[in-house]
Every structure is written in structure tokens, then in C-alpha cells.
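Student: I should like to work through this structure by question and answer. Where should the discussion begin?

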Amino acid sequence: MIKIVTVIGARPQIIKAAALSRAIASGFADRITEIIVHTGQHYDENMSQVFFDELGIPQPDYNLGVGSGPHGVQTARMIQGIEEILTRERPDMLVLYGDTNSTLAGAVAASKMHVPIAHIEAGLRSFNKSMPEEINRIMCDHASTLLFSPTATGFANLLREGFNATARPPFTIDNPKIYHCGDVMYDNSLHFAELAEQKSRIPEGLGLEPGKYLLSTIHRDNNTDNPERLNAIFEALNDISRRRQLQVVLPLHPRTSGLLSQNLSQQLYASVNGNRLIRIIPPVSFLDMTRLEKNARLILTDSGGVQKEAYFFEKPCVIARSETEWTEITAAGAGIVADADTTRLLQALEQFLDHPPVNFPAVFGDGRAAEFICNEILKAAAP
């Protein structure tokens, strides 16, 4: 029996962790013990607890309760808390997801204590180091022992950075093993899509007709905290909804929602508020989000996770960023990078409304990535 500690902190990590926890429960419970640490990076009930309740994820064994704060303060508190837990639990491996401050904190704490790290979603690169997420993911990759890339592109990025595809065991931080394993979020989408249809009634509750609305999520700091960029995005959403008589649904993080009156121009803020076609709602559960995605006509987002979920459900996606880590989506013609530029956003939206993509190649695996990861962790951690 081996022991792993899984660190989660933000909504996407909680959801990704569901796939691994499910795989352990169904096929590895006699060989893997999982200790779950929630850093408390997302602490609002709608951004955290609802996912444990709804997705059947085991409740965290530890919650650091760090809350929000400047990057340095937040990350330092996490490092301290994770270090104390690693000292107490003495795991065989630490499992980290993605690219948040929780990921970075786990990587720093574990590497200093010589605890091997398995990084799920390794190799993703935006090639934009002004993004905190880019720094976090690079630092974590280069502190990891097992690196699980969801795509061929991510695997190729690791090769370019000097990782050895032919490394032989024993694997260590100095002799890491890299894998192209598929995406655990694809595992989740396959597993939860049917459950969402059964349990979620959100489209009906909002009066939405399938295939007749645009779903949008905006949460990245460089969009929400930059008035020029936020105005550009909402100008495009306001314009397209009025001209095409298209309903727009925006589940907004509480922080983003609070910034609208502050960062949007007075005229645009009044216009958005007066637009009966735009529905701004609180964050939704994973099952509700799954149903909103499955029934949308198209999606506009700055979220990496939502880009992928749009692709899983064969929905066109307009990306309100200057780049994407998920280049497979744009290569297939299923996504357009339009940045926070009103003209480009509108052009992309119009293009997808008039000519939706039809090609969605199977680039995210076979839906069994979590099982593969469990097997490889077992092999690497075996004495």
C-alpha cells in the first residue's frame, strides 16, 4: 500500500481530482491511500464545497483555509501548511494539478522535503510569462518526478525543455519520467455528462432554449482587473446579443461581478444592465456548468478548462486571451483566439454563428487517463 497526498485549492483542481479519486475508489483502493489537502484558495461555497457534495469527491482530510490575498502571502501560507502535513503524513508521493498558487506551493514544499511529485497537466505552455499560471506550471514541472501531459503538444513542450522521453527507473526529480496520458477532464466529462442531464435543471430554470444562447466565463486577472480589456469583452457580448437577438449567460466569480460597476464605463455598464438578453448569474456547480455547455450554441471564455469542455461537447469556442495552451482546439478550427479586442471577438463570434466547426478530432485521450496515472504512480512508488 502506498500513500499519496493530493493538493487542491481552486475549482478546476477539485473537479480534476474527482477523476483520480474515482479511479482509486473503483480499482486501486487496496493499493493506494489518498490524503486530500484543500488549501482554501477558493473558499466560497459556490466555488468549492458544492463540488465535493455534487461530484462525490471525498471530503478533504485537511483544509488550510488560506483564503485570498496577494500572491506571495497566499503562497507562503500554503507552503507552510503543506510542509507541516507532509512532515506528519510522510507520503510516498505528492499529486498536484494544473497551475495555481496551490500547485506552486505544493511543488516548493515537496521538493524541499524530497517528496516525489506527480504533476497532472504537465507540459502546458502559453509562452506568456506575464501570466502567473505560466510561472507556476513551469516551476512545478521542473520540480516533478512524474509528469503527466494531457496532449501531444504538452509532451513535445517537455521534450523541448530538456526532459528525456527514454528515462529509465528509478525515477527522481533529477531523472523524471514524462507521459502523454490523455486528459482527466475528458474522463470527467464522459462520466458526468449523463448525470448532468438527469440532475441539472439550470437551462430550464433560466428559460434557455438548447442551442439558442451564448455561454461566457471571464475570470483571469488580466481581463477582470484591466478596464480596457473588460470593456472590450463586454462591448462584444452586449453588441452580439443585441444584433443577433442571442441570449448570453455569464456565471461570474463574485470578485469579477463586483468589478463590473468599477471597471466598465458608465455607459456600457448601464447598457449591459439594461440588456434583457444578458443574464449574469453566480458561479454554478459542475453539473450545472456541464449542462450549460452541452446546450449552448457557442462559448466565449478566458478559462483553459472551459475551452476544453467546449471541445468535449463539440461547441465552438472564442478565446478572450492572446494565446491558448490548448492549441489542438484552434488547430482543429474549433476555437479562435481573439484576445480582449472587441472587433476580433465580434468577428470570431459571427464566424462561428454562421459557420460552426464540424471537426473535433479525439486529441484528449480515451477517457481512462486517471486509471493510467494510478498505475504509473504505483509502479514508480513501489519499493
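## Burial, domains and backbone geometry

Student: Is Glu121 buried or exposed?

Tutor: The model is a predicted one. The cut-off for burial is under 20% relative accessible area. Glu121 has 8% relative accessibility, so this residue counts as buried.

Student: Which residue makes a polar contact with the side chain of Glu121?

Tutor: Glu121 is placed in the loop between strand S5 (117-120) and H5. Leaving aside neighbours within four places in sequence, its contacts are Lys16, Gly98, Phe148, Pro150, Lys308 and Trp326. The polar contact, at 3.0 Å, joins the side chain of Glu121 to the side chain of Lys308.

Student: With which residue does Lys308 form a salt bridge?

Tutor: The domain assignment gives domain 1 (2-183 + 365-381) and domain 2 (202-354). Between domain 1 and domain 2 there are 4 salt bridges. In the salt bridge of Lys308, the closest N and O atoms are 2.6 Å apart, and the partner is Asp183.

Student: What area is buried between domain 1 and domain 2?

Tutor: The C-alpha centres of domain 1 and domain 2 are 28 Å apart. Their contact takes 24 residues from domain 1 and 21 residues from domain 2. Carbon and sulfur atoms give 56% of the area buried between domain 1 and domain 2, which is about 1,600 Å².

Student: Which helix supplies the largest share of the side of domain 1 that touches domain 2?

Tutor: Between domain 1 and domain 2, 7 residue pairs are in polar contact. H1, helix H2 (49-55), helix H5 (132-141) and helix H6 (152-160) each supply at least two residues of the side of domain 1 that touches domain 2. The largest share, 4 residues, comes from H2.

Student: Where does the largest nonpolar core lie with respect to domain 1 and domain 2?

Tutor: The largest nonpolar core has 51 residues, and those with the most contacts inside it are Ile4, Leu20, Leu55, Phe148 and Ile377. Helix H1 (residues 11-28) gives the most to this core, with 9 residues. Both domain 1 and domain 2 give residues to this core, so it lies between them.

Student: How many residues are in the other core, which lies apart from it?

Tutor: Among the residues of this other core are Ile218, Leu260, Leu298 and Ala338. The core lies apart from the largest one, and its number of residues is 29.

Student: Is Phe234 buried or exposed?

Tutor: Phe234 lies in helix H10 (residues 227-244). Apart from neighbours within four places in sequence, Phe234 is in contact with Leu250, Leu252, Leu260, Leu264, Leu268 and Val272. Its relative accessibility is 0%, so Phe234 counts as buried.

Student: Which peptide bond is cis, with omega near 5 degrees?

Tutor: Most residues other than glycine have a negative phi, and most peptide bonds are trans. Pro170 is found in the loop between H6 and strand S7 (177-180). The cis peptide bond, with omega near 5 degrees, runs from Pro169 to Pro170.

Student: What is the relative accessibility of His114?

Tutor: His114 lies in the loop between helix H4 (101-112) and S5. Phi of His114 is near 60 degrees, a positive value in a residue other than glycine. His114 counts as exposed because its relative accessibility is 71%.

Technical notes. Residues are numbered from 1 along each chain as its sequence is written. This is a predicted model: local features need pLDDT of at least 70, side-chain atom pairs count only at pLDDT 80 or more; totals for chains, interfaces and linings use all residues. Side-chain values use heavy atoms; hydrogens and water are left out. A nonpolar core is a set of buried Ala, Val, Leu, Ile, Met, Phe, Trp, Tyr and Cys residues joined through side-chain atoms within 4.5 Å. Buried means under 20% relative accessible area, exposed over 50%, partly exposed in between (1.4 Å probe, protein chains only). Domain bounds come from an automatic or database domain assignment. Contact means heavy atoms within 4.5 Å. Buried area is the accessible area (1.4 Å probe) that two parts lose on being put together, summed over both. A salt bridge is a side-chain nitrogen of Lys or Arg within 4 Å of a carboxyl oxygen of Asp or Glu. A polar contact is a pair of N or O atoms within 3.5 Å; within protein, one must be able to donate a hydrogen and the other to accept it, and residues adjacent in sequence count only if both atoms are side-chain atoms.
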